[in-house]
Amino acid sequence: MSSSGKNFEERVFMCKKDGKPMYFVEETEKMSNGQRRSVFYYRCPICGYRIEVEQVVINVSNDNIVVKRRIRKK
Ligand SMILES: [Zn+2]
């Protein structure tokens, strides 16, 4: 039984190299200039191959908050 259910909410990415299911990772880093960057990606536990899904950069300067989103389609 491989992929019988059509579940669109739960997208599972398979690794190109070894066919293993990849897990979702969220990474947030704070930069020294107050900028915050979040990266969302899928990562293979076996070989470390990763697929980036989204990158969010939050910039706070004075009273302005600028959010930049970059979504990568599969
Ligand atoms: Zn892999």
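Two strands count as paired if DSSP finds at least two bridges between them. Keep that rule in mind on this tour of a predicted model.

**Stop 1: β2 and β3.** Select residues 36-43, which make up strand β2. Now add β3, residues 50-61. How many bridges join β2 and β3? There are eight, and the pairing is antiparallel. For a landmark, click F40: across from F40, in β3, stands E54.

**Stop 2: β3 and β4.** Keep β3 and select residues 64-71, strand β4. These two strands also run antiparallel, joined by eight bridges. Find I58, then look opposite, where V67 sits in β4. Next, go to the turn. The hairpin of β3 and β4 has two residues between the strands. Click N62, which takes a positive phi near 55°. Then check how well β4 is covered. Among its eight residues, the count of buried ones is zero, so strand β4 is hardly covered.

**Stop 3: the whole sheet.** Show all four strands. They form an open sheet in the order β1-β2-β3-β4, with antiparallel pairing. Which strands stand at the edges? They are β1 and β4; each has a single partner strand, so one side of each lacks a neighbour in the sheet. Neighbouring strands here are turned by 10° against each other on average, direction ignored. In general, strands of a sheet pair through backbone hydrogen bonds.

**Stop 4: G19.** Select G19, in the segment before β1 (23-30). Is G19 buried or exposed? G19 counts as exposed, because it has 9 C-beta neighbours inside 10 Å, and the cut-off for exposed is 12 or fewer. Finally, add I46. G19 and I46 lie 27 residues apart in sequence, and their C-alpha atoms are 9.8 Å apart in space.

How values were computed. Residues numbered from 1 in each chain as written. Predicted model: local features only at pLDDT ≥ 70, side-chain atom pairs only at ≥ 80, totals over all residues. Buried ≥ 20, exposed ≤ 12 C-beta atoms within 10 Å, placed from the backbone. Axes fitted to C-alpha atoms, helices over the stretch in contact; angles between N-to-C directions.
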